[in-house]
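Please look through the structure shown here, beginning with one helix and its surroundings and moving outward to the contacts between the chains.

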Amino acid sequence: MLLPWEYGVRNLMRRPLRTTLTLSALATVVILVFVVVGFIRGLERSLAISGDEDVVLVYSVNSEENIENSSIAARTAALLSASLQGTWKRFGVTHLSPELYLGTRVRTGDDGGGLGLVRGVTRVAPLVRRDVRIVEGRWPQSGEVMVGKLASAKLGATDEALAIGQTVHFEGESWRVSGRFSAGGGAYESEIWCNLADFQTATQRQDLSLVALLLAPGAAASEVSLFCKQRTDLELRAISETAYYATLQQHYKPVRVLAWFVVVLVSAAGVFAGLNMMYGAVAGRIRELATLQAIGYRRRAILISLIQEGMLLAAAASLLAGAIALTTLNGVAVRFTMGAFTLRIDSVAILVGCGVGILLGVLGAMPPALKALRQSVAISLKAV
Amino acid sequence: MRMLQFMCLAAVGVLAGCSDQDVAQTTTSDATTDPATSYVVDSEPAGAIPVGEAREAVEDEQAVTLVGTIGGSAEPFVDGLAAFTIVDPKVPYCAEEEGCPTPWDYCCTQDQVKDNIATVKIVDDSGNPVASGARELLGVKELSTVVVDGKAERDEQGNLTVAATQVYVRPSE
């Protein structure tokens with residue numbers, strides 16, 4: 001015969017201070033798990049959705065995997081436009097975007113700022129980068145910039161410092177903010193976009209970092225790759241944008257592995273803290289447990305009741321932590337080497353966080369309960 | 001409920017992933033065990049010249065037989081097309097005992113590669129590149145020595161491309 005469900009619930013209410021402390025400790029552990037899993041999920045999502053499978057990037061073969069280090073001849077864009085058949089064209093406009101992209105010190109009006117990612121582009125860029133949407137203001141004219149939604153997070157500045165009409169300074173020039181854009185959570189959201197010719201003048205460079213082109217329906221990236229192989233004098237390489245971000249995913253694999261390791265460590269610490277608390281809680285109830293055995297309840301029934309208490313507490317702590325994570329952590333911008341991304345408390349994060357929480361309840365309750373029940377009823381009844 | 005849907009999808013994904021992998025492995029296995037296609041010949045074409053010499057002597061549209069080693073960059077093959085770059089066999093690459101993970105990129109002799117590299121594209125009867133990876137089609141890999149027979153394509157910059165119709169793969173030493 002099992003103990004009534006209400007018995008476990010009432011037991012939790014009987015010691016409100018201990019229950020509250022245990023609940024707080026469990027909720028803290030689960031929030032920590034949410035933070036780490038939210039970090040991993042945010043980073044993965046940012047890289048996963050940054051690529052468009054129809055976009056091919058052409059950049060220097062000598063720059064390894066880093067486009068910021070790439071330098072290609074300015075005529076590359078015209079050469080690609082003239083040589084490739086598979087580039088998407090509409091209304092006489094070839095969807096091919098020459099870009100100069102680099103990380104540089106950006107200073108905001110309030111003397112804040114930091115290392116920012118600046119991309120010099122032409123008006124064709126949004127035709128190729130199809131996720132980009134101007135959410136406020138307008139496209140930058142000469143001497144102006146358009147800032148991504150997460151650019152302020154990347155710079156460590158306030159949103160107000162990058163508001164429309166404000167001025168930012170980089171490469172010895174002052175630039176007025178003319179608009180803000182989003183990119184569906186992609187990597188561009190942490191960038192600052194300006195006019196390509198202006199940026200080339202400011203940086204005293206005539207070259208490009210890359211050319212991004214949009215493939216026409218049915219066209220294959222291999223045509224672009226073949227062109228790059230044939231023009232060995234240009235020292236170019238072509239890679240689909242999705243493949244490029246997949247290589248970045250690989251690049252950040254150690255970070256992800258480390259983060260998952262932190263999840264395991266935090267969970268283990270939580271289990272030990274839970275065990276400690278439950279040992280204390282059960283130790284004070286040895287006589288109560290022996291009494292239950294004396295009036296006829298089997299050890300298994302008492303064990304199940306104790307696990308039920310632990311699980312109830314852990315589930316409540318998980319719900320509390322989940323509510324806090326969803327309202328305060330979800331969407332918080334995090335600065336990272338490649339730009340910025342937002343913490344993402346999604347279904348996977350909820351599953352892992354709540355799973356760890358409930359596991360804490362079960363694993364925390366079982367060992368002390370088994371220890372208490374192992375003693376004989378006669379000795380336990382005399383326990384102080 | 002959404003969690004349940006997620007778990008079901010994950011399970012289906014795992015199963016689908018496993019079956020896809022099986023298919024891919026089977027295909028690769030079949031292709032590598034049977035590389036003899038209409039483009040691969042059993043005997044070496046006569047009169048093959050090395051890439052460096054060809055870059056100096058061969059003109060556009062000229063029939064040419066070229067010998068070279070597949071390499072020149074970290075990724076000498078073009079994904080999805082039967083095309084790759086070859087380097088003159090006289091250009092040395094890192095020896096195996098040097099521990100270089102990608103000796104075919106000629107990282108230590110890049111200055112010599114510039115004038116001793118050519119692109120090979122295997123073309124069909126209509127002159128279009130064959131839409132199949134060269135590894136599977138020809139059974140070659142990085143640092144394989146090949147003799148290709150085809151027509152030269154030159155440009156004003158001195159780049160050499162061979163639109164090849166026949167390939168002989170020299171047995172590795």
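In chain A, the buried residues of helix H6 pack against five strands, namely E4 (96-108), E5 (113-121), E8 (167-170), E9 (173-182) and E10 (191-195). This is a predicted model, and side-chain atom pairs are counted only where pLDDT is 80 or more. Helix H6 of chain A, which spans residues 196-203, is mostly covered, with 6 of its 8 residues buried; these are A:Leu196, A:Asp198, A:Phe199, A:Gln200, A:Ala202 and A:Thr203. The N-terminal end of the helix is capped by A:Asn195, a side-chain oxygen of which lies 3.0 Å from the backbone nitrogen of A:Ala197, and just after the helix A:Gln204 takes a positive phi of about 55°.

One of the strands just named, E5 of chain A, holds A:Arg119, which counts as buried because its relative accessible area is 4%, below the 20% limit for that class. Leaving out residues up to four places away in sequence, A:Arg119 touches a set of residues that includes A:Glu99, A:Leu100, A:Tyr101, A:Arg129 and A:Tyr188, as well as A:Glu191, A:Ile192, A:Trp193, A:Cys194 and A:Leu210.

Helix H9 of chain A, residues 253-283, offers another setting, and A:Val264 has its place there. With a relative accessibility of 52%, A:Val264 counts as exposed, and together with A:Leu258, A:Phe261 and A:Leu265 it forms a nonpolar patch on the surface, with about 410 Å² of accessible area for the four together. A:Tyr279 also lies in helix H9 of chain A, but at 35% relative accessibility this residue counts as partly exposed. Beyond its neighbours within four places in sequence, A:Tyr279 is in contact with A:Pro367, A:Pro368 and A:Lys371. The C-alpha atoms of A:Tyr279 and A:Ser209, which are 70 residues apart along the chain, are separated by 62 Å.

Charged pairs give another way through the model. Side chains of opposite charge can pair when their charged atoms come close. Over all chains, a search of the whole structure finds 24 salt bridges. In one of them, A:Asp346 pairs with A:Arg41, the closest N and O atoms being 2.8 Å apart. A:Asp346 lies in the loop between strand E14 (339-342) and helix H12 of chain A, whereas A:Arg41 lies in helix H2 (residues 16-48) of chain A, so the pair ties together parts that are 305 residues apart in sequence. A:Asp346 is buried, with a relative accessible area of 11%, while A:Arg41, at 24% relative accessibility, counts as partly exposed. Elsewhere in chain A, a network of salt bridges links A:Arg14, A:Arg15, A:Arg285, A:Glu288 and A:Glu309.

Where do chain A and chain B meet? In all, 14 residues of chain A are in contact with 22 residues of chain B, and the area buried between the two chains is about 1,400 Å², of which carbon and sulfur atoms give 62%. A:Leu226, A:Lys229 and A:Gln230 supply 41% of the area that chain A buries against chain B, more than any other three residues. Across the interface there are 8 residue pairs in polar contact, both residues being at pLDDT 80 or more. The elements that give two or more residues to the side of chain A that touches chain B are helix H7 (221-230) and helix H12 (347-374) of chain A, and the largest share, 6 residues, comes from helix H7 of chain A.

The count of salt bridges between chain A and chain B is 2. One of these joins the side chains of A:Arg237 and B:Glu75, at 3.3 Å from N to O. The pair crosses from strand E12 (residues 236-240) of chain A to the loop between strand E2 (63-70) and strand E3 of chain B. At 13% relative accessibility A:Arg237 counts as buried, whereas B:Glu75, at 46%, counts as partly exposed.

Chain B itself has 4 helices and 6 strands, which run α-β-α-β-β-α-β-α-β-β from the N terminus on. Of its 173 residues, 39% count as buried. One buried residue is B:Thr109, at 9% relative accessibility, which is found in the loop between strand E3 (83-87) and helix H3 (110-113) of chain B.

Methods: Residues numbered from 1 in each chain as written. Chains lettered and ligands numbered in written order. Heavy atoms only, no water. Patch = residues over 30% accessible without salt bridge, like charges linked within 9 Å, V, L, I, M, F, W, Y side chains within 5 Å. Areas by Shrake-Rupley, 256 points an atom, 1.4 Å probe, with all protein chains shown as cover. Buried < 20%, exposed > 50% of the residue type's maximum accessible area, 1.4 Å probe, protein only. Contact = heavy atoms within 4.5 Å. Buried area = accessible area lost by both parts, 1.4 Å probe. Polar contact = N/O pair within 3.5 Å; in protein donor to acceptor, adjacent residues only side chain to side chain.
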